[in-house]
Amino acid sequence: MKTMSIAEKSINTIRCLSMDAVQQANSGHPGTPMALAPAAYVLWMEHLQFNPQHPEWFNRDRFVLSNGHASMLQYAVLHLTGYNITLDDLKHFRQWGSNTPGHPEYRHTPGIETTTGPLGQGIMTAVGMALAEAHLAGIFNREEALIHHYTYAFCSDGDIMEGASHEAASVAGHQGLGRLICLYDNNHITIEGNTSLTYSDDVVKRFEAYNWHVQDLGDKGNDLQAISAAFAAAKAVTDKPSLIVLRTHIGYGSPHKQDKPEAHGSPLGEEEIRLTKEFYGWPPDEKFLVPEDVKAHMLTCITGGAAQEAAWNTRLKEYSLAYPDLYASLQQYLAQQLPADWDQKVPVYQPADGPKATREITGAFIGAVADKLPWLVGGSGDLEPSTLTLIKSSPYLQKDNYSGRNLAWGIREHVMCAATSGLQLHGGLRAYASTFFIFTDYARPAIRLACIMQLPVIYVMTHDSIGLGEDGTTHQPVEHLASLRAMPHLSLIRPADANETTYAWRAAIQHTGGPTMLVLTRQKLPVIDRSKTAPADNLLKGAYVLSKEQGAVPAVILMATGSEVSLILEAQQQLLQEGIDARVVSMPSWDLFAAQPPEYRESVLPAAVTARVAVEAASPLGWERWTGDRGIMIGMEGFGASAPAKELFKHFGFTVENVVARTKALLSA
């Protein structure tokens with residue numbers, strides 16, 4: 001091995017570990033870790049505030065690898081700086097059961113702050129983390145900053161190309177998130193070739209126009225002093241997020257693959273790795289080599305990080321003495337334990353109150369619990385007057401007042417949902433996001449990642465069906481219930497009336513094992529008379545017998561969700577007049593019902609009763625799980641239309657008359 005500085009040797013260790021792991025897996029992306037190793041080394045060794053032995057320390061800096069295909073860069077650095085990632089873990093990169101998957105995964109690997117991979121998602125999530133830090137600092141900081149940390153993100157040409165990054169940059173610049181620092185790896189290479197094939201943006205001007213502080217370092221991917229100075233300058237700018245543009249060379253040092261797309265998404269090959277190691281002055285036949293002096297040097301992060309955390313704990317102790325009420329409140333934010341009386345002010349609705357759209361209930365519910373749950377924050381994609389998600393006791397979060405609990409995302413569903421995950425990931429907050437149900441199409445990648453991470457974010461989606469009415473097919477989400485029910489770890493609830501909606505919100509607040517999506521109506525629905533039916537708290541079981549049959553065994557089971565439940569209640573009465581004894585089941589949440597014991601599910605949907613009719617103003621896909629082979633589903637086989645909601649429901653067969661006729665036909669068959 002040639003003589004080199006400890007910094008150069010550490011950087012080459014990162015590079016060679018990355019090459020070796022990708023080669024051993026015969027899968028992965030070696031080129032970007034090779035190019036970004038100097039920047040990663042500088043960040044971790046000189047700027048990042050973290051404690052490898054306590055990865056969850058609250059005041060740590062957050063790091064997001066938005067270009068998640070470069071995961072071996074992060075795994076190598078985490079291993080070398082003392083996180084619980086072993087050399088064997090690196091050797092099992094991308095293998096079954098390893099904690100080093102192909103893209104970084106939250107909860108899977110120590111030190112990974114968020115799951116990344118789909119380009120653009122990481123930088124949007126980082127915006128949410130920075131917003132969380134700013135919000136909590138705005139509430140709790142006094143003379144000395146107790147909450148003061150940075151969010152760093154590495155991103156690629158692909159991240160910058162994705163439209164999602166435009167939304168992220170716009171929000172961050174508008175909010176003046178001075179402790180968000182992104183490094184753009186400008187390596188000019190994507191899978192198909194040089195970026196000049198598709199891309200000629202002036203990224204510097206673009207981000208300056210978004211009100212970012214921008215430093216273009218040019219071709220200084222290996223200049224440690226310049227990179228460190230850029231991070232320092234970025235930290236010194238407190239009123240703007242920062243972008244560092246760094247020209248790097250993908251596959252740096254590879255004699256035949258540097259600056260070529262072949263270095264991006266495939267192993268270099270054994271011979272090319274040997275030649276590259278020779279270029280670095282590295283033993284060409286050594287694999288997974290970590291020199292002892294590199295190990296000793298980079299493991300100093302353990303003692304350094306422990307000292308940083310100890311100093312902060314001292315400040316926290318002093319803070320608790322100086323501001324005991326604020327300290328108690330901070331502990332409440334961090335623990336998020338529900339007070340015994342947290343929901344005592346939630347209204348109970350009576351039929352005499354008149355019909356109410358289920359979206360209306362959100363505003364009343366939030367108003368009833370906001371003071372008890374101060375850590376609850378959220379907002380909408382420019383639709384608050386329709387989704388009614390405003391916390392009226394708090395202002396909007398703005399750069400002149402970060403303490404506001406209401407987030408105005410503008411017409412940016414992509415960043416709204418990804419940054420909401422970032423708020424949740426940061427810790428100390430419980431976050432919700434809201435828009436029309438149809439626009440989950442824009443938010444779906446972020447929703448999917450939240451489900452993968454099992455984050456307890458809450459999605460409030462309104463205007464849930466053809467009941468939207470005159471806006472027509474473009475805004476009527478007929479296929480969305482089916483597609484989102486298919487998403488693992490998402491608890492989806494479509495309540496039938498005002499009281500079911502209050503329990504849907506309770507379910508969402510109490511559910512911490514993954515996201516909850518509330519799917520709510522635009523149109524008003526009658527308040528179900530609970531003196532004649534089962535109580536609304538049965539919603540917590542996912543499905544329940546709302547109105548029993550008259551005899552011992554029903555002739556047919558009518559089941560529905562949301563706005564169609566009141567319809568089948570009316571149909572039950574009409575059928576009874578014609579001598580047909582029906583049971584009505586409200587089924588607001590398939591996943592909650594599926595999680596109930598078999599005995600309960602059998603009590604609601606007895607196997608012996610095979611005549612079943614499901615009614616939902618949406619795609620019928622999936623209902624066969626509950627209707628069985630003999631049952632039928634009255635749903636939407638195509639898109640809706642532009643007309644008043646009542647006309648649409650009549651035209652598409654969501655009427656008492658059609659439900660009765662279809663039920664009679666089923667029974668006669």
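## Exercises on cavities, salt bridges and a sheet

The largest cavity has a volume of about 110 Å³. Keep in mind that this is a predicted model as you work through the exercises.

**Exercise 1.** Find which residues lie closest to the centre of the largest cavity, and which elements give two or more residues to its lining.

*Solution.* Start from the centre: of the 15 lining residues, the closest to it are F50, D61, Y83, G111 and E113. Next, look at the elements: β1 (62–65) and α3 (71–81) each give two or more residues to this lining. Finally, sort the lining by character, which yields 7 nonpolar, 4 polar and 4 charged residues.

**Exercise 2.** Describe the second largest cavity: what is its volume, and which residues line it?

*Solution.* The volume of the second largest cavity is about 30 Å³. Its lining consists of F63, V64, L65, Q74, P104, I112, E113, T114 and T116. With 3 residues, β1 gives the most to this lining. By character, the lining splits into 5 nonpolar, 3 polar and 1 charged.

**Exercise 3.** Decide whether E564 and R494, partners in a salt bridge, are buried or exposed.

*Solution.* First, check the contact: the closest N and O atoms of E564 and R494 are 2.7 Å apart. Then place the partners: E564 is in helix α20 (residues 564–577) and R494 in the loop between β13 (491–493) and α19 (498–510), 70 residues apart. Now apply the cut-off, under 20% relative accessible area for buried. E564 has 2% relative accessibility, so E564 counts as buried. R494 has 1%, so R494 counts as buried too.

**Exercise 4.** Repeat the reasoning for the salt bridge between D285 and R274.

*Solution.* The N to O distance here is 2.8 Å. Exposed means over 50% relative accessible area, and partly exposed lies between that and the buried range. At 59%, D285 is therefore exposed. At 25%, R274 is therefore partly exposed. One more step: R274, E278 and D285 are linked in a network of salt bridges.

**Exercise 5.** Work out which strands stand at the edges of the sheet formed by 5 strands, and why one side of each has no neighbour.

*Solution.* Write down the order of this open, mixed sheet: β16-β18-β17-β19-β20. β16 (544–547) and β20 (632–634) stand at the edges with a single partner strand each, so one side of each lacks a neighbour in the sheet. For β16, the partner β18 (residues 582–586) pairs in the antiparallel sense over 3 bridges. One bridge to look up: S547 has V584 in β18 as its partner.

How values were computed. Residues numbered from 1 in each chain as written. Predicted model: local features only at pLDDT ≥ 70, side-chain atom pairs only at ≥ 80, totals over all residues. Heavy atoms only, no water. Pairing = 2+ DSSP bridges. Helix = DSSP H or I, 4+ residues; strand = E, 2+ residues; numbered from the N terminus. 1 Å grid on protein atoms, 1.4 Å probe; cavity = no way out; pocket = protein on both sides within 12 Å on 5 of 7 lines; lining within 4 Å. Points joined across faces, edges and corners; volume = space filled by probe spheres on them. Nonpolar A, V, L, I, M, F, W, Y, C, P; charged D, E, K, R; others polar. Salt bridge = Lys/Arg side-chain N within 4 Å of Asp/Glu carboxyl O. Buried < 20%, exposed > 50% of the residue type's maximum accessible area, 1.4 Å probe, protein only.
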